[in-house]
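Student: I have a model open and want to go through its cores, helices and strands. Can we take it in short turns?

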Amino acid sequence: MEKLKVLIVDDEPGIRSGIERILRNYTIGFPFLDEDFSYEMIEAATGEEALDIINKGHVDIILLDNKLPGIQGIEVLEEVNKMKLDAAVMMITSYASLDIAVKATNFGAFNFVPKPFTPQELKAAIESISKHLFLKRMTKRMNKEGKQIRFQFLSVLSHELKSPLNAIEGYLKIMQDKQVGDSIDDYMAMIDRSLIRIKGMRGLIMDLLDLTKLESGKKNRELKKIDLAEIARLAIHTIEPLAIQRNVKVHFDADEDLVFTADTEEIEIIFNNLLSNAVKYNKENGEIHFNIKKKSTAIVIKVEDTGIGISEENMSRLFQEFTRIKTDKTRDISGSGLGLSIMKKLVVLYGGTVDVQSTPDIGTTFTVTLPL
Amino acid sequence: MSDIKKLVLIVDDDHDYLEQMKLQVEHFGFETITASSRSEGEKMLSTTRPDLAIFDLMMETQDSGFVLAYKAKKMYPDMPVIIATAATAETGITFKVETEEDKNWIKADLYLEKGIRGDQLHREINKLLKI
């Protein structure tokens, strides 16, 4: 049970005790909340007294009469507003004029209860103000957490972007000082490594752009009927140079009539990611079985490799951004650590799922299911 | 200097940084052994006692270097340990191992920013090895 502190500001003791009696045993639950709200009342007879209480401790809800002996309710509201309190204010007034209503709303009052009010009216007003307060706080917290996640993402990103720069800078300094010889041939390995790191960095930037477009929802999607087998063949063609280099053989098998409504580019990214992983994390002379089957309710895409596999421990981190499984077997494989995260986000856009089965040193099978 | 070359263990998960550090340290006249992860580094320490160790901070996890330093010092309390990282440039978090309190939780003798000049690194290593 969460107790909300209600500050009642009214110069009439009868109103204060009346409100106290109505709310004393009142609780509210919302379907989206685990806990119910109950109320604890604090009373103030003047605006000055109210401000004093607010300054001393936390209150959640302020029930504020406008006509007070000293400073007026509107002025209290103005002060409360200046303090940027994490509280909601409700005006109670018998002199409800349009003028005050506008003024109070401008100063951030949540709503009004006309005096005199029935217990039912007060309870209804309290219910809506509690919901408002809860949602306001929830939003604030979620924004804050969102920022936190963003910050973590950026700090990891800057690490991933700086490491290749540091590596290349290091090699250039060695060359500048001619540390290992006078001939350019003495530095070929370093030049090769520098080029590999530049390539990796470019890949990261491209992946990052894909991810940003996806997350902002600003990616222009062009949904049309496409032939998945055709895109699959294109993806195999794209990966071919790398596969030949590693002597990995790609076997492809597809059912007839694989027409699916999707964005061509997105399906390409999904296939390219699956295939490039299957090649990169394969063994020399390994194999890839890539097949697409049409079931009654879904299209099932399977990419099976004979590669290094993924340990159970690493499996859970697989789809996280910037996760690259670091073992001595993956050391020389370049990657941004974003590929699988992007692929999964895309598959989810189609209401699909990604399933991974893997045995270390035997191979990994990725199964993507896209519902029809 | 004695006839036998001092042995330096370098652990870093960035292949290129590892190569560069190795080249640099060998250039100073030391022998090197390398590992590219905390676990590999631990394995190496269980069979070999280097004269000095240089660990990267962020490897398998963000604090692998600290963990490795802790374990290394437990095995060989007198072996100087350097933690080298680019963390400050990236996160703005600074570490120092100057006060007793720092030394209590960071089991390293020196904390170095990556990209330090060769002559500086050489001087620091010599200082730690009391050469």
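**Confidence and conventions**

Chain A of this predicted model averages a pLDDT (the predictor's confidence in each residue, from 0 to 100) of 83, and 89% of its residues score at least 70. Residues are numbered from 1 along each chain as its sequence is written, with chains lettered from A and ligands numbered from 1 in the order in which they are written. As the model is predicted, local features need pLDDT of at least 70 and side-chain atom pairs count only at pLDDT 80 or more, while totals for chains, interfaces and linings use all residues.

Student: Which element of chain A has the highest mean pLDDT?

Tutor: Elements here are DSSP runs numbered from the N terminus: helices (H or I, at least four residues) and strands (E, at least two). Helix α4(A), residues 98–106, has the lowest mean, 72. The highest, 93, belongs to strand β3(A), residues 37–44.

**The core in chain A**

Student: Which element gives the most to the largest nonpolar core?

Tutor: A nonpolar core is a set of buried Ala, Val, Leu, Ile, Met, Phe, Trp, Tyr and Cys residues joined through C-beta atoms within 7 Å. The largest has 34 residues, and Ile270(A), Phe271(A), Leu274(A), Leu275(A) and Val303(A) touch the most other members. Elements that each supply at least two residues include α7, β10, β11 and β13 of chain A. The top contributor, with eight residues, is α8(A).

Student: How many residues of α8(A) are buried?

Tutor: Buried means 20 or more other C-beta atoms within 10 Å of the residue's own; 12 or fewer is exposed, in between is partly exposed, and C-beta atoms are placed from the backbone. The buried set includes Ile267(A), Asn273(A) and Lys280(A). Of the 17 residues in this mostly covered helix, the number buried is twelve.

Student: What span should α8(A) have?

Tutor: The expected span is 1.5 Å times one less than the number of residues. α8(A) has 17 residues, and its end C-alpha atoms are 24 Å apart. That agrees, because the expected value is 24 Å.

Student: Which residues is Leu274(A) in contact with, leaving aside neighbours within four places in sequence?

Tutor: Contact means C-beta atoms, placed from the backbone, within 7 Å. Leu274(A) belongs to α8(A) and is buried. Its contacts are Val303(A), Met343(A) and Phe366(A).

**Strands around β11(A)**

Student: Which residues of β11(A) point to the buried face?

Tutor: Side chains alternate along this strand. Ala298(A), Val300(A), Lys302(A) and Glu304(A) point to the other face and are not buried. The buried face carries Ile299(A), Ile301(A), Val303(A) and Asp305(A).

Student: How many bridges join β11(A) to β13(A)?

Tutor: Strands pair if DSSP finds at least two bridges between them. β10(A) and β11(A) run antiparallel, and a hairpin of three residues joins them. β11(A) and β13(A) also run antiparallel, and Ala298(A) has Pro371(A) as its bridge partner. The number of bridges joining β11(A) to β13(A) is seven.

**Chain B**

Student: What share of chain B is buried?

Tutor: Chain B has six helices and five strands. The chain contains 131 residues. The buried share is 39%.

Student: Is Asp63(B) buried or partly exposed?

Tutor: Asp63(B) sits in the loop between β3 and α3 of chain B. Arg38(B) is 25 residues away in sequence and 9.9 Å away, C-alpha to C-alpha. Asp63(B) has 15 C-beta neighbours inside 10 Å, so its class is partly exposed.

Definitions and conventions. Contact = placed C-beta atoms within 7 Å.
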